[in-house]
Structure formats: C-alpha cells, structure tokens
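Thanks for sharing this one. Here are my notes, set out as numbered points that you can follow with the structure open beside you.

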Amino acid sequence: VTLDTALPPNLRLPSNLVDPDRLKRPPPSEDSSLPLIRKCDAALPAHLSPVRTWVDTLESKDSEPLGLTELHPDVFAVTPRLDILHAVETWQRNYKRISHASTKVRSEVRGGGRKPWNQKGSGRARHGSIRSPLWRGGGVSHGPRGPKSYYYMLPMKVRVQGLKVALSSKMAQQYLHVVDSLNIPTPDSQYLLELIRSRHWGESVLLVDVSEEFPENILQATENLKTVNLIPAIGLNVHSMLKHEAVILTLDTVRFLEEKLLWHDERYTFLYPLKLPYSDFP
Amino acid sequence: MSFPKKPGGKALDVLQNLPRITLTNLRPEPGARKNEKRRGRGQHGGNRSGRGHKGERQRGTRPRLGFEGGQTPFYLRIPKYGFNEGHSRRPQYQPLTLKRLQYLIDLGRVDPTQPIDLTQLINARGLTIQPLKRDYGVQLVDEGSDIFVAKINIEVQRATEGAIAAIERNGGVITNSFYDPISLGILIKPVPFFMRGQPIPKRMLPGEDMVPYYMSAENRGYLADPEEIQQARRALAQKYGYVLPDISKDELCHMLAMRKDVRQIFFGLSPGWVINMPEKKILKPTDQKLLQYYSS
C-alpha cells in the first residue's frame with residue numbers, strides 16, 4: 001500500500017459507514033454444485049418454499065462454503081413486523097427494571113408538626129407546617145414513591161414471534177450466517193478478527209451454539225474481545241441480535257431453534273401452568 | 001386472488017435495500033402510542049380544566065348518582081322483585097352444540113372410538129368450564145342436529161330432547177350424569193389434582209331437586225332403570241321418525257356400553273386411590289373402614 005492511497009491519520013470515519021464489500025456474495029442459486037447439508041425437519045406448507053443459505057467453516061480463513069442449508073420459512077422468512085420487534089425490545093429492557101427513586105412526603109420529612117407562627121397578626125402568609133411542599137426543605141407532593149417495579153409479561157406467542165422476526169430480518173439483510181460448528185484451529189483472538197474482516201461479516205458478531213459448553217479454543221479467543229460474543233441457543237434474544245451486526249448460527253442451533261419456535265404455531269392453549277406434566281406436549 | 005409465494009416476500013425484499021435494523025431504528029407503529037390527556041396544563045387543558053363553568057359541576061359537589069332533586073328516584077319507585085334472587089346458587093351448564101362436537105370429531109381432536117367425557121372435551125379444547133362460577137357441567141344443544149353424523153358414547157350433564165334424538169339416530173349412546181362441584185373441578189383438570197396427592201373422592205349424588213331429572217328415562221339419567229331407558233329410546237325414535245339402530249350388533253358395542261359407576265369420577269380409577277405422578281404409581285387403600293367407605 002503506497003502512501004498516496006493510505007488514509008490520512010487525522011481522518012475520522014463515522015461508525016455507521018457501510019462496508020462496500022459486504023454484499024458481494026449473492027444468495028445461492030438453484031443450480032449450484034455444493035451439496036445440500038441439511039433439509040428442514042418439520043413439514044413445510046405447500047405454498048412456502050424454504051430459504052437457502054451457504055454453510056461456512058471457521059476452520060480456515062479463506063475457505064469456500066461447505067454446502068447449502070434449507071431454513072424453514074416460518075422461522076427465517078416471516079413478515080418483518082418491526083412493531084413486534086420494538087415491543088419485545090422495550091419489554092426486555094423494562095421488565096427487569098426496578099426504580100429505587102424515592103422522595104419523602106410532607107409527613108415523612110423530619111420536623112414540621114408545629115404551626116410556625118400564629119394564623120393572624122404576624123403579617124406573614126399563613127402556614128401550618130414548615131415542611132409543606134411550598135416550603136424550601138419541605139416534602140415533595142407528587143414525587144416518586146419508593147421502589148417501583150416495571151414488570152410486565154408480553155404474551156408468550158408475541159415473544160416467540162419477536163425472535164422469528166429478528167431472525168428473518170437478519171436473514172433478509174444478509175447479516176445471518178450459518179456455520180457447521182464453532183471449532184477453530186487456534187485460540188488466537190487475532191485469527192477470529194481477521195477471519196471476520198476477510199469475510200466482511202461486520203464489526204460485532206454474535207456466535208450461537210446449542211449446548212452451554214463451547215470448544216476451548218473459541219472460549220479463549222473470544223474471552224478478551226468485546227465485539228465478538230458467545231451465547232447458548234437458549235439465551236438467544238432480540239436485544240442481543242439487534243446489538244450485534246452479524247449473527248452466526250451453527251447447524252445444531254438452527255435445528256434447535258426451528259423445533260422450539262415452530263412448536264408454538266401449532267399447540268393447544270395451556271390449561272394449567274407448564275411446570276405440571278402434560279402428556280401430549282413435550 | 002393471486003397467492004404470494006412467500007408471506008413476507010415483498011417486505012423482506014424491500015428490507016435488503018434499507019439500512020440495518022438496530023436498537024436505534026426501532027419505533028412503534030405510527031398511531032400506536034397516543035399521548036394521554038393531561039388536565040390543567042397548557043392552552044387547551046388549562047383554564048377550567050374541562051370542568052365547565054361555576055356551580056356544582058366545576059366545584060365537584062354534585063349529588064349522588066340517581067338523585068332526582070328530592071323527587072322519589074326511579075330506582076326507589078319501582079318495587080323489588082326476585083328476578084336475580086339466588087342467581088349465584090343456580091346451576092349453570094356450558095352449552096355444547098352438536099355442530100361444534102362434529103367439528104371437533106372431524107378435526108380429530110376428539111376420539112369417537114373412546115367414550116367421550118368432559119375431560120376429553122376439555123383436553124380437545126372444545127369448551128371451557130369454570131366450576132367456581134357455578135358451572136355444573138356441559139349441556140348438549142341440538143343446533144347442528146341435521147349435520148351430525150357420528151356414533152359416540154357421550155356423557156354430559158344435561159341434554160335437550162333433539163340432541164338425544166340426533167345422537168341415538170346415529171347409533172350412539174348418551175347419558176346424563178351429575179358431578180358435584182369438587183368432582184367437576186377434578187374432572188376438568190385431572191393433572192393438577194393428581195399433583196396434590198389426595199385420594200380420589202367419591203362423586204356425590206345429586207341434590208333433592210335434581211334427583212327426579214337424573215332418575216327419569218326420558219332424560220337418559222344415570223340413575224334411571226336400563227329397561228325404561230330402552231323404552232324411552234323406542235318412544236323417541238317413534239316421535240322423531242327414525243329407525244332405532246341396534247347397538248348390540250355393533251363392533252364397538254363394548255365401548256359404547258361403557259358407563260361410569262355412580263360414585264366414580266374417572267374411567268378405570270375408583271374413589272380412594274392415590275396417584276403418584278412423578279413415579280407413575282397408583283396406591284390403593286387396604287384398611288377395611290376405608291374400603292367400606294369408598295365402596296358405599
């Protein structure tokens with residue numbers, strides 16, 4: 001790289017600059033030579049066709065895609081309901097919130113039981129206590145009152161639909177990638193960063209695997225990285241998916257997600273809490 | 001109407017050219033969030049704050065609802081009559097139309113080859129019963145009697161004559177049996193009851209006013225005489241004008257003739273047994289007094 005084409009050192013690039021090399025790889029066409037590694041487990045409705053994506057490896061930096069996968073359209077190609085995404089995201093932020101802001105009312109402020117001066121005769125305004133809200137140092141009339149919880153639950157099916165919409169929008173905007181497994185050759189963080197940069201995945205990457213035990217190498221590699229994070233498939237949520245630019249799923253994760261998310265489409269309503277045993281549900 | 005190939009198709013294609021969906025890009029649908037009305041603030045909410053001009057309206061000292069300025073109000077002029085007296089003690093029965101029953105059987109949610117019980121109907125999510133709201137069970141209504149084509153052994157709490165005729169015309173068996181509220185609660189949600197670890201209670205007999213209903217053969221009550229029921233079946237067939245099919249020559253005759261004992265709540269489980277759900281075991285009482293009590 002010569003000095004002419006190098007960027008000047010005092011140039012500040014905005015962080016929302018779109019990488020022009022990102023969308024170079026088009027989605028797989030009908031007649032591609034790579035094998036179809038995985039087909040959808042659940043039965044597809046007749047009028048829907050599965051979504052096809054490449055399956056990559058993390059083993060070597062410049063490797064070709066291993067094959068193709070079919071993804072269920074009712075999970076990865078649902079209508080992009082951004083209002084559901086917004087609702088689920090605000091719920092995720094707020095349902096854990098307990099605000100401890102608390103003020104004292106005029107009866108709780110220390111003092112202020114005695115009438116400060118006579119009702120009539122002193123020439124000053126009439127007052128009953130020195131801690132009324134009109135006074136400096138007095139109580140607050142309509143302030144926050146003690147720990148307040150903002151807990152509420154969105155219906156289960158809305159939350160499930162939020163996950164499906166998030167996955168579909170990531171897939172549609174080509175930020176979702178499928179990988180066969182999370183095995184990398186070296187526990188080196190630099191290797192991961194260069195791999196991500198060479199494949200133009202983005203700045204922040206979310207790696208999702210099914211089990212809660214990850215291979216040693218990837219654990220060590222992502223330990224000191226802020227922008228590359230690992231989560232098990234059970235912990236997949238809308239907030240994490242939107243925060244990270246790219247989402248990487250393994251084939252096992254795809255199977256797990258499809259099974260869990262499609263179950264809610266065709267299930268009976270619950271008669272009693274799910275903790276008690278059901279004979280016909282999983 | 002042209003059917004699109006993918007339900008989210010066009011919107012997903014549009015998304016490809018739009019900027020990335022991030023935490024900063026989300027907002028609710030326009031018109032979803034409306035600002036609340038705040039009185040006493042600003043040009044429009046302020047001034048009199050929506051209370052009107054002077055008088056009791058603005059000052060908040062209007063008399064109670066129903067007051068007519070001293071004239072005997074309407075709600076005191078009219079004499080009392082017991083329309084709703086004892087409404088909370090009247091038994092209610094959730095209606096189940098034959099049309100809905102046929103729908104459930106056609107979709108495969110209810111199995112016609114097994115005796116149809118309230119538990120089966122609830123498991124099929126066919127209807128909802130609230131025993132705490134004075135529901136004493138389900139009643140069969142003859143709304144879809146002309147469409148009904150299913151041979152079933154059904155047990156309800158009340159049935160209209162037309163419904164009985166429709167079921168027997170297709171070669172089925174219908175029984176009216178009584179469940180007291182506790183047994184009804186157990187029947188509807190058996191699993192939470194078994195988790196409690198209590199022995200299955202015996203079903204109580206109906207009260208004085210309901211005994212004649214459940215002992216008459218026209219209503220196919222469970223306390224009625226079987227011969228009288230046969231006579232009533234023939235009489236009903238004659239009244240409604242159909243040929244009464246012979247059940248004893250049927251393959252499922254054994255299943256159709258299955259009936260619960262007067263004190264039994266579940267098929268196959270007697271009162272007094274304790275079910276252990278986690279270890280899948282049934283414990284039966286051995287003490288003489290308990291056996292005597294539960295078999296009375």
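1. Let me begin with one stretch of chain B, keeping in mind that this is a predicted model. Residues 95-175 of chain B are 31% helix and 23% strand, and the C-alpha atoms at the two ends of this stretch lie 16 Å apart. UniProt, in an unreviewed entry, lists these residues as "domain: Large ribosomal subunit protein uL15/eL18".

2. Next, have a look at the sheet in chain B. Three strands make it up, in the order S1-S2-S4, and the sheet is open, with parallel pairing. Strand S1 (92-97) and strand S4 (158-159) of chain B are the edge strands; each has a single partner strand, so one side of each has no neighbour in the sheet. As general background, strands in a sheet pair through backbone hydrogen bonds, in either a parallel or an antiparallel way.

3. Which residues pair up within that sheet? S1(B) is joined to strand S2 (residues 135-141) of chain B by six bridges, and the two run parallel. To find your way along this pairing, start at B:Tyr93, whose bridge partner in S2(B) is B:Gly137, and then go to B:Thr97, which has B:Val141 as its bridge partner in S2(B). S2(B) also pairs with S4(B), again in the parallel sense, over two bridges. Here B:Gln139 is opposite B:Arg158 of S4(B).

4. Two loop residues of chain B deserve a glance at their backbone angles. B:Lys54 is not a glycine, yet its phi is positive, near 50°. You will find B:Lys54 in the loop that links helix H2 (42-45) and helix H3 (55-59) of chain B. B:Arg220, also a residue other than glycine, has a positive phi of about 55°. The loop that holds B:Arg220 runs between helix H10 (211-215) and helix H11 (226-240) of chain B.

5. Now for the place where the two chains meet. On the chain A side 29 residues are in contact, and on the chain B side 30 residues. Together the chains bury about 2700 Å², with 67% of that area on carbon and sulfur atoms.

6. How many salt bridges cross the interface of chain A and chain B? The rule finds one. The partners are A:Glu245 and B:Arg20, and their closest N and O atoms are 3.6 Å apart. As for polar contacts between chain A and chain B, five residue pairs are counted, with both residues at pLDDT 80 or more.

7. Which elements of chain A give two or more residues to the side that touches chain B? They are helix H2 (82-94), helix H3 (156-172) and helix H6 (238-243) of chain A. H2(A) supplies the largest share, with five residues. By residue type, this side of chain A divides into 16 nonpolar, nine polar and four charged residues.

Technical notes:
Residues numbered from 1 in each chain as written. Chains lettered and ligands numbered in written order. Predicted model: local features only at pLDDT ≥ 70, side-chain atom pairs only at ≥ 80, totals over all residues. Heavy atoms only, no water. Contact = heavy atoms within 4.5 Å. Buried area = accessible area lost by both parts, 1.4 Å probe. Salt bridge = Lys/Arg side-chain N within 4 Å of Asp/Glu carboxyl O. Polar contact = N/O pair within 3.5 Å; in protein donor to acceptor, adjacent residues only side chain to side chain. Helix = DSSP H or I, 4+ residues; strand = E, 2+ residues; numbered from the N terminus. Nonpolar A, V, L, I, M, F, W, Y, C, P; charged D, E, K, R; others polar. UniProt positions renumbered as here; feature names shortened; annotations may be inferred. Pairing = 2+ DSSP bridges.
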